[in-house]
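This report describes one protein chain, going from a small sheet to the whole chain and then to single residues. The sequence and the structure are shown below.

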Amino acid sequence: MELGAVNYKQTQIGLIPKDWKVMKFTDCADLKHGFQFREEHFSENGVKVTKIGSLINGGGLDFKDVTFIPFDKLKQFSNFTLNKGDVLMALTGATLGKVSKVDTDEIILQNYRVGNFLNKSNSTKEYIYCLLQSPYIQDTIKKLVNEAAQPNLGKGDFDKFTIPLPPTKAEQTAIATALSDTDNYITHLEKLIAKKRLIKQGAMQELLKPKEGWKAKTLGELCELTSSKRIFESEYVPIGIPFYRGKEISLLIDNNKIEVEYFIPERRYEEIKRQFGTPEKNDILITAVGTLANVYLVSDNKKFYFKDGNLIWLRKIQNVNPIF
């Protein structure tokens, strides 16, 4: 008998362990809104108030831009104090769905539109924190952001979210711990990569510093500076030659997957190739719109074309190594 047939079951949210339950999110946690503080409540110092801008997605709290409530007013807002480990989410604005966790023991007040999720007896805060960052909820939030002019989240929205729930708190804690350890490892790697980038930057500055015998040349003396021919959106086809904008080239530079692909007809590509040429191995493309000056060295002769105005094209490079 297959392992999956014994230990797993098929549900409306996919394959889950046989002893897990499929539940509404609101069966595991309650959403508590913050207080709608007004200008007259604030002071120059006192008790910190956490706002949407204070939330660090997947992290703790950032109080660089902080507001305060006077200490002598704390008692009247005591119902909105936060505790270490509380799970928070941005319920409105451009960062809708951003999830954070209180990482300090100091007294902090919860502002309006910052949601605090109180776990019920069948769940742990750590597991709720993981659920809120999971595709089960984040994908639904992204859909809401795309559909609504001014997206907001309320208790009714979370009643519609369906999630998997392990039967014991011990299993929930084990899952949350494993995911937290993975996050910590990723953070460590990101810091290491940042350090290596700084080392590389320093090395580049030293290695590329003009030396005796070097000559000064403009890019125009070393290659042809140009761009592509105009391609209209009406020319896009479902399958054909890959067509890249600056966004896609930036993804290729970092070896990231292109989520939304565009194509042009092969006959159109061949027509352009015959008349004007198309990118070849060792040509260079530089992003010129949005994120500026990302540099892409074409590594092979696979067919593709790119959007005019989005990218600068360095071709026919002569008397210099393209990698240099």
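Strand β14 (residues 241–244) runs antiparallel to β15, and 2 bridges join the two. Helices (H or I, at least four residues) and strands (E, at least two) are DSSP runs numbered from the N terminus, and two strands pair if DSSP finds at least two bridges between them. In this pairing, Pro 242 has Phe 263 of β15 as its bridge partner. The sheet that holds these strands is open, with 3 strands in the order β15-β14-β18 and mixed pairing. Its edge strands, β15 (263–264) and β18 (305–306), each pair on one side only. Strands of a sheet pair through backbone hydrogen bonds, either parallel or antiparallel.

The model is predicted; local features need pLDDT of at least 70 and side-chain atom pairs count only at pLDDT 80 or more, while totals for chains, interfaces and linings use all residues. Residues are numbered from 1 along each chain as its sequence is written, and side-chain values use heavy atoms, with hydrogens and water left out.

**The chain as a whole**

The secondary structure of the protein chain comes to 8 helices and 19 strands. The chain is more spread out than a compact globule, because its radius of gyration is 27 Å, well over the 20 Å that the globule rule gives for 324 residues. That radius is taken over C-alpha atoms, and the rule is 2.2 Å times the number of residues to the power 0.38. Along its principal axes the C-alpha trace spans about 75 × 65 × 40 Å.

Of the 324 residues, 35% are buried; buried means under 20% relative accessible area, exposed over 50%, and partly exposed in between (1.4 Å probe, protein chains only). The exposed area of the chain is about 20300 Å², of which carbon and sulfur atoms supply 53%. Accessible areas come from the Shrake-Rupley method with a 1.4 Å probe, and for residues only the protein chains shown count as cover.

Contact means heavy atoms within 4.5 Å. Among contacts between residues at least 6 apart in sequence, 71% join residues at least 24 apart.

**Strand β11 and the loop before it**

Strand β11 (residues 114–119) pairs with β4 (residues 29–32) in the antiparallel sense over 4 bridges. Strand β8 (residues 87–90) also runs antiparallel to β11, joined to it by 4 bridges. Which residue of β11 stands opposite Leu 31? The residue is Phe 117, and Val 87 likewise stands opposite Phe 117.

Tyr 112 lies in the loop between β10 (108–110) and β11. At 36% relative accessibility, Tyr 112 is partly exposed. Not counting residues up to four places away in sequence, Tyr 112 touches Gly 34, Phe 35 and Gln 36. Its C-alpha atom is 9.7 Å from that of Ala 90, 22 residues away along the chain.

**Helix α7**

Helix α7 (residues 246–253) has Gly 246, Glu 248, Ile 249 and Ser 250 as its buried residues. The cover over these residues includes β14, β16 (284–287), β17 (295–297) and β19. An α-helix has 3.6 residues a turn, so residues three or four places apart point the same way.

**Residues with positive phi**

Three residues with positive phi are listed here with their places in the chain.

| Residue | Phi | Place |
|---|---|---|
| Asn 255 | about 60° | just after α7 |
| Ala 293 | about 70° | loop between β16 and β17 |
| Asn 319 | about 60° | segment after β19 |

Neither Ala 293 nor Asn 319 is a glycine. Asn 319 counts as exposed, at 81% relative accessibility.

**Two further residues**

Is Ser 54 buried or exposed? Ser 54 is buried, with a relative accessible area of 1%. Its place is the loop between β5 (47–50) and β6 (67–69). Leaving aside neighbours within four places in sequence, the residues in contact with Ser 54 are Val 49, Gly 60, Leu 61, Asp 62 and Phe 63.

Lys 316 belongs to the segment after β19 (311–315). With neighbours within four places in sequence left aside, Lys 316 is in contact with Leu 222, Cys 223, Glu 224 and Asp 283. The C-alpha atoms of Lys 316 and Ile 141 are separated by 47 Å, and the two residues are 175 residues apart along the chain.
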